[in-house]
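Me: I'm new to this one and would like a close look at a single part. Could you pick a loop, go through it slowly, and then tell me what surrounds it in the rest of the model?

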Amino acid sequence: MAVYRRSRRHRFLLVLLALTSITVITLDFRGESGGFLDGVRNGARDAFAPVQSAADSVFNPVGDFFGGLTRYGSLKAENDRLRSDLAQARSESLRQAGAERERQKLLALQNLEFAQDIPSVSARVVSNGPSNFQLTVAIDKGTDDRIAAGMPVVTGSGLVGRVVDASRSRATVMLVTDRSSNVGIRLQTSGTLAVARGGGADKSLSVDLVDLTTPLSPGEAVVTSGLQGSVFPPDLPLGRVSTAKVEPGALSQSVTVDPLVELDRMEFVKVLLWSGQP
Amino acid sequence: MTSDPRLRVPLVVLTVLILDLSLFTRVRVAGVMPDLMLLLAIAAGITGGQVRGAVVGFGSGMVVDLFLQTPLGLSALVFSVVGYTVGTAQTGILRASWWIPVVTAFVASAGGVLFFALAATVVGDTSLVTARLGLVMALVGVMNALLAPLAVRMMAWALDCTPARGGYVV
């Protein structure tokens with residue numbers, strides 16, 4: 001009998017813990033940003049920042065070593081590819097110098113939207129999120145540097161994602177490849193507007209609702225659309241079309257887009273201090 | 001050093017959290033990292049039974065939730081149930097072999113990952129249940145199983161459990 005009573009008390013404890021968790025989940029859902037739970041979360045991340053930075057500098061070589069082990073083959077192939085690319089780029093840069101000068105003049109003339117200077121903050125990528133599902137990285141700047149949730153994050157080569165959380169000295173960036181990420185895009189050649197959804201780590205983004213008649217070519221550039229009220233400013237480069245095919249009986253083409261940025265090997269990013277349409 | 005579990009358990013949880021956030025996010029196999037905080041809950045269930053499993057799971061889950069984008073409390077809910085379940089299962093079997101914690105960690109970790117994905121779906125995040133979920137479950141299961149003997153040892157120290165008290169020490 002005593003055993004029975006004890007196990008009932010144990011079950012009561014479990015129910016209590018479960019109810020507490022559910023209450024916190026509910027509060028976290030309903031609370032607008034800046035609420036108590038956000039304060040706790042941000043406080044913890046700030047408090048942890050120095051410890052994490054120290055641990056990071058210790059473990060960075062380990063990560064590099066492990067990364068090297070698991071992708072030695074691809075690194076070697078990449079090295080070869082880069083060598084040939086470099087030779088090609090050298091010759092191309094000579095030709096493009098002229099074109100670039102011309103473009104600058106045109107921009108100055110027409111005052112196009114993507115010439116807009118958006119102020120930005122550079123930050124270092126400190127770690128990946130400790131999750132097996134969500135694709136986020138933590139960066140070493142936060143609200144102290146005017147970073148806020150919702151801001152777009154880029155590197156030199158293109159769009160990385162957007163800030164989803166910012167504490168004083170840390171911010172979390174959700175990558176465009178995350179499954180919950182949606183980016184409004186424009187296909188550069190045809191000007192077609194669409195939405196690119198993240199497909200998970202190392203996967204291409206998939207683009208929905210591209211009309212059957214839209215001409216598409218592999219390698220075509222994809223940029224953010226920047227429509228009214230969209231999350232990203234217009235004309236940030238996102239990626240290139242990798243495949244485009246029509247399933248039998250489908251009413252639209254299925255298109256995949258490879259991001260330009262190597263999202264698993266970023267060191268520095270730029271946060272655009274941009275919050276919604278001007 | 002004091003043998004008070006109220007000091008030792010947070011110490012272990014925080015140490016493992018630091019390793020989790022800095023070392024193990026880098027050591028990924030096919031993009032999957034071990035779930036150390038879940039493993040702590042399982043280890044607590046193995047060494048200390050249902051109640052300690054549930055309490056440690058709640059704590060480790062809540063701590064890791066602070067660094068995730070899923071709603072706060074989701075891991076706490078899942079880990080406390082997993083810790084409790086492992087504790088319940090442990091009391092019913094003979095603890096003699098070294099492989100029991102390993103197998104337990106594999107099953108409980110894979111189950112915990114599934115439970116977490118389903119719970120996230122229930123609260124509205126539908127991005128977790130995908131074709132990849134099976135792979136994540138299997139890899140987390142295997143990696144946590146490999147780390148289980150170590151985790152069990154740490155938890156036995158933290159909870160100050162001796163085998164005579166119904167606990168398990170490798």
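Reply: Let's begin with how the pieces are named: helices (H or I, at least four residues) and strands (E, at least two) are DSSP runs, counted from the N terminus. This is a predicted model, so local features need pLDDT of at least 70 and side-chain atom pairs count only at pLDDT 80 or more, while totals for chains, interfaces and linings use all residues. Residues are numbered from 1 along each chain as its sequence is written, and chains are lettered from A and ligands numbered from 1 in the order in which they are written.

The part I'd pick is the loop between β9 and β10 of chain A, where you'll find A:Gly229. Is A:Gly229 buried or exposed? A residue is buried if 20 or more other C-beta atoms, placed from the backbone, lie within 10 Å of its own, exposed if 12 or fewer, and partly exposed in between. A:Gly229 counts as exposed because it has 8 C-beta neighbours inside 10 Å. Go back 19 residues along the chain to A:Val210, and the two C-alpha atoms are separated by 21 Å.

The same loop, the one between β9 (221-224) and β10, also holds A:Asp235. Have a look at its backbone: phi of A:Asp235 is near 65°, a positive value in a residue other than glycine. Most residues other than glycine have a negative phi. A:Asp235 counts as partly exposed, because there are 17 C-beta neighbours inside 10 Å.

Now step into the strand itself. A:Gly239 sits in β10 (residues 237-245) of chain A. A:Gly239 is buried, because 26 other C-beta atoms lie within 10 Å. Contact here needs C-beta atoms, placed from the backbone, within 7 Å. Leaving out residues up to four places away in sequence, A:Gly239 touches A:Gly158, A:Leu205, A:Val222, A:Val257, A:Asp258, A:Pro259 and A:Leu260. A:Leu227 is twelve residues from A:Gly239 along the chain, and their C-alpha atoms are separated by 18 Å.

Zooming out, chain A has three helices and twelve strands. Buried residues make up 31% of its 278 residues. If you take contacts in chain A between residues at least 6 apart in sequence, 56% join residues at least 24 apart. The domain assignment (bounds come from an automatic or database assignment) splits chain A into domain 1 (2-69) and domain 2 (122-278). The C-alpha centres of these two domains lie 28 Å apart, and their contact takes eight residues from domain 1 and seven residues from domain 2.

Next door is chain B. Here 41 residues of chain A are in contact with 37 residues of chain B. On the chain A side, α1, α2 (36-70), β1 (120-128), β4 (158-166) and β5 (171-175) each supply at least two residues. Among these, α2(A) gives the most, with twelve residues.

What about the interior? A nonpolar core means buried Ala, Val, Leu, Ile, Met, Phe, Trp, Tyr and Cys residues joined through C-beta atoms within 7 Å. The largest such core has 70 residues, and those that touch the most other members are B:Leu39, B:Leu40, B:Ile42, B:Ala43, B:Val82, B:Ala151 and B:Met155. Two or more residues each come from α1 (2-30) of chain A and from α1 (5-24), α2 (36-65), α3 (74-91), α4 (99-122) and α5 (133-158) of chain B. The most come from α2(B), with 17 residues. Another core, of 42 residues, lies apart from this one and includes A:Ile185, A:Phe232, A:Leu263 and A:Val269.

Back in chain B, B:Met155 is in contact with B:Leu40, B:Ala43, B:Ala44 and B:Thr47, setting aside neighbours within four places in sequence. As for α5(B), it has 26 residues but its end C-alpha atoms are only 32 Å apart, short of the 38 Å of a straight helix (expected span: 1.5 Å times one less than the number of residues). A kink of about 50° lies at B:Ala148 in α5(B), shortly before B:Pro149; the bend is the angle between axes fitted to the seven residues ending there and the seven starting there. Just after α5(B), B:Asp160 takes a positive phi of about 55°.

One last loop: B:Ala30 lies between α1 and α2 of chain B. Its phi is near 55°, a positive value in a residue other than glycine. B:Ala30 counts as exposed, because it has 12 C-beta neighbours inside 10 Å.

Definitions and conventions. Contact = placed C-beta atoms within 7 Å.
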